[in-house]
Amino acid sequence: MNTFSEGTYDAVVIGAGHAGCEAALALARTGLKTVILTLNLDSIGFMPCNPSIGGTAKGHLVREIDALGGEMGLVADRCALQYRMLNEGKGAAVQSLRAQTDKNRYHTEMKRVLEHTNDLRIVQGEAADILTENGRVTGVVTSYGGVFSCRAAIVATGVYLGARTITGEVVQEAGPNGFARATLLTKCLERLGYGVRRFKTGTPARLDGRTVHTEDLPVQPGEDVYPFSFMNAHVPPREQQTPCYLTYTNARTHRIILENLDRAPLYNGAISSTGPRYCPSIETKVVRFADKERHQLFLEPEGADTTEVYVQGMSTSLPHDLQKEMYRTVKGLETCEIVRYAYAIEYDCIDTLDVLPTLESKKVKGLYTAGQVNGTSGYEEAAAQGLMAGLNASLALRNKPPLVLGRDRAYIGVLIDDLVTKGTDEPYRMMTSRAEYRLSLRQDNADERLTQIGYDCGLVSEERYAKFCTRTAQRREAAACLQRRAEQKKADALVQSYGQPPLSAGVTYADLLRRGIPLSVLRETFGILQDIPADVLLSCETQVRYEGYLKRSRDEAERAKKMEQSPLPPDLDYAAIAGLRLEAREKLARIRPLNLGQAERISGVSPADIAVLMVYLSVK
């Protein structure tokens, strides 16, 4: 194949899904000349599965991306049809924002943002090879022979790499939603030292909304919550938000599935790759939870200008004839017509034990990976990795120290640490239970944790930083106010109305909060904090209520940091260390942890092994 020069750039981003978009923007916005390669311009920022952003733990990721100067939260707010706060009846640590978004508008908005970003060139084309010299990235070659000379490359290929879709007996060499797949890069990644495996995901059918009957179904209306981006003050009034609807499978639905497992690719051997544990197909749910009489489904709009309806909770790879029969057993869908049939999709991804905490390859300088190619599932997980890969590539190219967020600093830190320390044998999904410091890693304080970091790295704009400084001042003002003494008579009456024992003299507003009296009631009763935004007040209220638990969490994080400060030599011969168990030696040699803190999080490395390492390092 003849090659030709496409120019010289600082970095090339391969893929323009959620990871690729954030990576490219992080590079270009920090002043680096960047190219983003995509198989199809119509797939930029595309949502091949659910038309939503956020959700349990995912909402935390979106707010962290936003706090660092990323784009996902801003675009999601501009395209939102409905907002809801998940787990609102539970503690602040696990409450997560979720928004139904207009799928087509999200794509066009993200494309518009890329097109109007300085130092960023968008090119439709397939990456065929990554060029290296002396262990460093030097360029990316397209399938047409175009050579983009560069010093860094970020692979963010999503589910397109070696993709094939499976629906019943029909297998097609294609990417999601009928888009073309990428076929040329897998061998290159293997040659560059990555381990490659096959994962699977799937998606439900889309229905013609005119044939769906929601009249007798429970309604899920929107809610008056705060938006994803700290740059925005409000969400649309709930009466202007688009409703979703709730329905369920039933015994008839389950019978059709169970009687046709011989035609189900997941059970007849047509699919052998690993699928997502926490987002299983309806076939898997019916088989695995045989005692369940029904499974919950949500009917969600795909956009404001389309009649398409997404059936959340009913992904499948059954043949088309069975899909139609199965969907029509569900209440509200009795006469439904399918406009896009469901399918499963298999794709190539890498073993992230070959990746550093910066998301750079352990074997090739300047080569980064982000998103579903790293074995994760979900738009939000992908975007978080894309931002971090792009920012770390930018920092390296600008000769600045890398950015690695600790597990006590961000959900993003938990996500990446899990990937590079523990690896994953199935599509990884972020969950609040994975974060041991989750009470400190709330949605409401993401800017407090991360915006200064993003600003210091050069990604947070002056406008965003000014808003952050204003919010910081408001937090301080509110915190100071809450430490002031409340008017005793009013405080006594208020406590009595809540069935609380009498107060001693000198009670503060913070004391009343700790007694379980809502801050909204204190504002109304005492006329305090009238000019402080509601989301800032929520953050302050949480800080006061959980002060003891937060201190304990900080103490635990400090102890963990001491382990992080004990580096392990990159060339350490673990096989020669007496006292290490065989499994520990193999895992430590494979992963090459950077410090004792990372070593103790490796599956198969016991506390006794860590003690052996500590003694060995102290002797050395």
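## Salt bridges and one helix, worked through

Arg-340 is partly exposed, with 36% relative accessible area. This value, like the others used in the exercises, comes from a predicted model.

**Exercise 1.** Determine which residue pairs with Arg-340 in a salt bridge, and where the two partners lie along the chain.

*Solution.* Step 1: the principle to start from is that side chains of opposite charge can pair when their charged atoms come close. Step 2: the side chain of Arg-340 meets that of Glu-308, with an N to O distance of 2.7 Å, which is within the 4 Å cut-off for a salt bridge. Step 3: Glu-308 belongs to strand β19 (residues 308-312) and Arg-340 to strand β20 (residues 338-340), so that the pair, 32 residues apart, links distant parts of the chain. Step 4: Glu-308 has a relative accessible area of 14% and is therefore buried, because buried means under 20%, whereas Arg-340, at 36%, is partly exposed.

**Exercise 2.** For the salt bridges of Arg-442 and Lys-587, find the partner of each residue and decide whether the residues involved are buried or partly exposed.

*Solution.* Step 1: Arg-442 is joined to Asp-444, and their closest N and O atoms are 2.9 Å apart; both Arg-442 and Asp-444 are buried. Step 2: Lys-587 is joined to Glu-583, with 3.5 Å between the closest N and O atoms. Step 3: Lys-587 and Glu-583 are separated by about one helical turn, because they stand four residues apart in helix α19 (residues 582-591). Step 4: Lys-587, at 29% relative accessibility, is partly exposed, and Glu-583, at 37%, is partly exposed as well.

**Exercise 3.** Place these pairs in the wider setting by asking how many salt bridges the whole structure holds, and which residues are linked in a network.

*Solution.* Step 1: a search of the whole structure finds 52 salt bridges. Step 2: a network of salt bridges links Arg-407, Asp-417, Asp-418, Lys-422, Glu-436, Glu-564 and Arg-601.

**Exercise 4.** Describe helix α6 (residues 251-258) by its buried residues, the helices these pack against, and its N-terminal cap.

*Solution.* Step 1: the buried residues of α6 are Thr-253, His-254, Ile-256 and Ile-257. Step 2: these residues are on the same side of α6, because they cover an arc of only 160 degrees around the axis. Step 3: the buried residues of α6 pack against α8 (282-288) and α9 (320-327). Step 4: at the N-terminal end, Asn-250 caps α6, with a side-chain oxygen 3.0 Å from the backbone nitrogen of Arg-252.

Notes. Residues numbered from 1 in each chain as written. Predicted model: local features only at pLDDT ≥ 70, side-chain atom pairs only at ≥ 80, totals over all residues. Heavy atoms only, no water. Helix = DSSP H or I, 4+ residues; strand = E, 2+ residues; numbered from the N terminus. Buried < 20%, exposed > 50% of the residue type's maximum accessible area, 1.4 Å probe, protein only. Arc of directions from axis to C-beta. Contact = heavy atoms within 4.5 Å. Polar contact = N/O pair within 3.5 Å; in protein donor to acceptor, adjacent residues only side chain to side chain.
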